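Reader: I'd like a close look at a single part of this one, strand by strand, and then whatever hangs off it. Could you walk me through it in one go?

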Amino acid sequence: MSMAIDVALSAIRQLIGDQHVVAGDDTAGFVVDWTGRYVGSTPAVVRPGTTSEVAGVIHICREHAIAVVPQGGNTGMVGGSVPLNGEIVVSLQRLTSIGEVDELALQVTAEAGVTIEQLQTAAAASGLRYGVDFGGRGSATVGGTIATNAGGLNVLRHGMTRSQLIGIEVVLGTGEVIDLMSGLVKNNTGYSIPDMMCGSEGTLGVITKARLRLIPQQAFRHTALLAFDTIEAAVEATARLRIALPGLEAAELMLSQGVQLVCDEFELSPPLDLGFPVFLLVESASDDDALDDFVQHVSELAGVVDTALAADERQRQLLWRLRDDHTTAINRVGVPHKFDVTLPHDRLAEFTKAVQHHIAASAPEASTWMFGHVGDGNLHVNITGLTGDDFLDRSIYELVISMNGSISAEHGVGTAKAKYLPLQRSTAELQLMRGLKSVCDPDGILNPAVIFS
Ligand code: FAD
Ligand code: MLT
Ligand code: ZN
């Protein structure tokens with residue numbers, strides 16, 4: 001360990017307490033990402049317990065020119081949350097307080113380390129809920145989801161994390177604290193700093209607290225699994241349902257191989273014949289019981305070849321497991337190589353065929369698993385069993401861009417896509433982004449390997 005790190009860690013120990021600085025074998029869970037693909041090492045994981053301790057840690061690191069990686073639940077998918085270049089990890093997991101739900105404003109204040117599940121539980125006690133939700137809810141944190149602008153299962157109705165974010169408290173790379181927690185929904189007083197921090201992936205500041213929008217719970221949920229012969233038909237059906245059902249909250253695309261894998265791995269019985277190639281999990285929420293309406297619209301959809309309707313909450317949970325457990329099931333097959341991309345809706349089906357064909361031709365030894373948030377044009381292409389690591393990346397991203405898509409839909413750029421960002425963003429855009437980075441983090445100590453290569 002270098003002298004500078006030694007001196008800095010001893011100052012940090014004094015500031016936050018010896019017991020909150022973790023080193024050696026105890027750092028194991030903080031240096032490997034959720035997929036197992038990104039493995040780093042760190043001199044220490046530091047766990048400040050307050051905003052002023054976070055600011056103090058950043059001041060000390062800046063003074064000694066030490067790079068840091070902010071970390072929440074470490075569920076990120078693009079290698080941004082782990083210290084791949086020996087950085088110090090600043091874990092936000094001790095910042096866990098949730099304020100009273102503000103039932104007048106429909107807002108809540110939550111610290112960065114609160115998990116999405118804890119946030120949902122707090123909101124539910126007031127008959128409310130948080131608009132962003134996904135399978136990683138038990139570990140993913142408020143800070144991490146803001147840093148990545150996480151999307152998830154309900155974006156088509158409620159938007160991504162940025163749409164839920166009203167205010168933020170953030171420690172810049174200078175150690176200064178920016179407090180924008182007034183909760184004012186309308187506040188056009190110059191540039192929007194919360195919007196800028198959202199999706200900045202820990203490169204501009206360490207988020208310590210947020211003011212978040214909540215939405216009313218709705219009493220009735222209707223959920224169905226629909227089978228199709230083609231992806232085109234599933235994309236078309238999603239569009240029809242969005243028009244017919246204003247309460248449509250989710251439209252999740254799955255393929256039979258993925259559903260089969262989940263059923264095999266978790267010993268579940270498929271509710272439909274998995275001989276059909278394409279499935280759509282749809283869910284609608286409403287205040288009144290709109291079951292008849294839901295069934296009518298679903299059954300009238302062109303292209304549906306079979307339907308399983310959830311008759312009760314247990315069946316609904318089973319349908320959702322088929323979708324939510326894709327990520328875990330694929331991880332069990334092998335370390336996945338993940339591509340999280342968006343396509344214009346009218347190119348989605350064409351892309352799925354082109355990318356499958358490309359992978360099969362270039363890496364016949366590999367398996368491809370695809371699923372996604374079809375209402376948002378967002379596909380998750382996972383490859384397991386790839387020999388060699390990232391030789392397919394460039395060609396797949398070029399394919400996405402040639403179809404006017406985005407190489408990062410909801411997971412972010414992280415370290416995984418940093419070198420491909422110039423494929424997507426112009427020189428002027430990258431200069432503007434670098435300019436912001438140099439103002440917020442003049443010494444480049446915050447996630448130096450993330451977003452910019
Ligand atoms: P981490 O993984 O710890 O960090 C992610 C990034 O944010 C890193 O760059 C890190 O440096 C930075 N960061 C973390 N905390 C802070 C902070 N307080 N301040 C500044 N920077 C910070 N994502 C989706 O968008 N949609 C999904 O549907 C979805 N489903 C998932 C399902 C599963 C089963 C899993 C495991 C993951 C899923 N993810 C999904 C990915 C992941 O959960 C999200 O990217 C999430 O936002 C990461 O939150 P985290 O707290 O784990 O952040
Ligand atoms: C999901 O939608 O389940 C996620 O974004 C995680 C993944 O891509 O595996
Ligand atoms: Zn997703």
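Author: In β16, Leu253 has Gly372 as its bridge partner. This is a predicted model, so take what follows as a reading of that prediction. The contact belongs to an antiparallel pairing of β12 and β16, which runs over three bridges. Strand β12 covers residues 248-255, and β16 takes in residues 367-373. Five of the seven residues of β16 are buried, which makes the strand mostly covered.

Follow β16 onward and you get to β17, residues 378-384, joined to β16 by seven bridges in the antiparallel sense. His373 of β16 sits opposite Asn378 in β17. The two strands make a hairpin with four residues between them. If you check backbone torsions, look at Gly377 in that turn, where phi is positive at about 70°.

Now back to Leu253, because it has a second story: its bridge partner in β13 is Leu280. Strands β12 and β13 pair in the antiparallel sense, here over seven bridges. Leu280 also serves as the bridge partner of Leu226. That pairing joins β13 to β11, residues 220-228, in the antiparallel sense over nine bridges.

What about the cover on β13 itself? The strand spans residues 278-286, and nine of its nine residues are buried. In a regular strand, side chains alternate between the two faces of the sheet. Here both faces are covered. On one side the buried residues are Val278, Leu280, Val282, Ser284 and Ser286. On the other they are Phe279, Leu281, Glu283 and Ala285.

Glu283 is the charged residue to follow next. Side chains of opposite charge can pair when their charged atoms come close. Glu283 belongs to a network of salt bridges that also links Arg129, Arg157, Arg221, Glu249, Glu313 and Arg316. Within that list, Arg157 forms a salt bridge with Glu249, and their closest N and O atoms are 3.0 Å apart. The pair links distant parts of the chain, with Arg157 in helix α6 (residues 155-158) and Glu249 in strand β12, 92 residues apart. Are the two partners buried or exposed? Glu249 has a relative accessible area of 0%, so it counts as buried. Arg157, at 30%, is partly exposed.

Across the whole structure there are 22 salt bridges. Another one is between Asp443 and Arg62, whose side chains meet at 2.5 Å, N to O. Asp443 lies in the segment after α17 (427-440) and Arg62 in helix α3 (residues 51-63), so this pair ties together parts that are 381 residues apart in sequence. Both partners have some accessibility: Asp443 is partly exposed at 44%, and Arg62 is partly exposed at 29%.

One more salt bridge for your list: the side chains of Arg332 and Glu265 meet at 3.4 Å, N to O. Here, too, distant parts of the chain are linked, with Arg332 in helix α13 (residues 326-333) and Glu265 in helix α10 (residues 256-266), 67 residues apart. Arg332 is partly exposed at 49% relative accessibility, and Glu265 is partly exposed at 28%.

Then come the surface patches. Asp287, Asp288, Asp289, Asp292 and Asp293 form a negative one. Among them, Asp292 lies in helix α11 (residues 291-299). Asp292 has a relative accessible area of 65%, so it counts as exposed.

There is a nonpolar patch on the surface as well, made by Leu291, Val295 and Leu309. Together these residues show about 200 Å² of accessible area. Leu309 is found in strand β14 (residues 304-309), and at 37% relative accessibility Leu309 is partly exposed.

A last stop, on another strand: Pro70 lies in β3, residues 68-71. Pro70 is buried, with a relative accessibility of 14%. If you want a backbone distance to check, the C-alpha atoms of Pro70 and Val108 are separated by 23 Å, and the two residues are 38 apart along the chain.

To come back to where we began, Leu253 has Gly372 as its bridge partner in β16 and Leu280 as its bridge partner in β13.

Conventions
Residues are numbered from 1 along each chain as its sequence is written. Chains are lettered from A and ligands numbered from 1 in the order in which they are written. This is a predicted model: local features need pLDDT of at least 70, side-chain atom pairs count only at pLDDT 80 or more; totals for chains, interfaces and linings use all residues. Side-chain values use heavy atoms; hydrogens and water are left out. Buried means under 20% relative accessible area, exposed over 50%, partly exposed in between (1.4 Å probe, protein chains only). Two strands pair if DSSP finds at least two bridges between them. Patches are made of residues with over 30% relative accessible area and no salt bridge: like charges are joined within 9 Å, nonpolar side chains (Val, Leu, Ile, Met, Phe, Trp, Tyr) within 5 Å. Accessible areas come from the Shrake-Rupley method with a 1.4 Å probe; for residues, only the protein chains shown count as cover. A salt bridge is a side-chain nitrogen of Lys or Arg within 4 Å of a carboxyl oxygen of Asp or Glu. Lys and Arg count as positive and Asp and Glu as negative; His and the chain ends are not counted. The place of a charge is taken as NZ of Lys, CZ of Arg, CG of Asp or CD of Glu.
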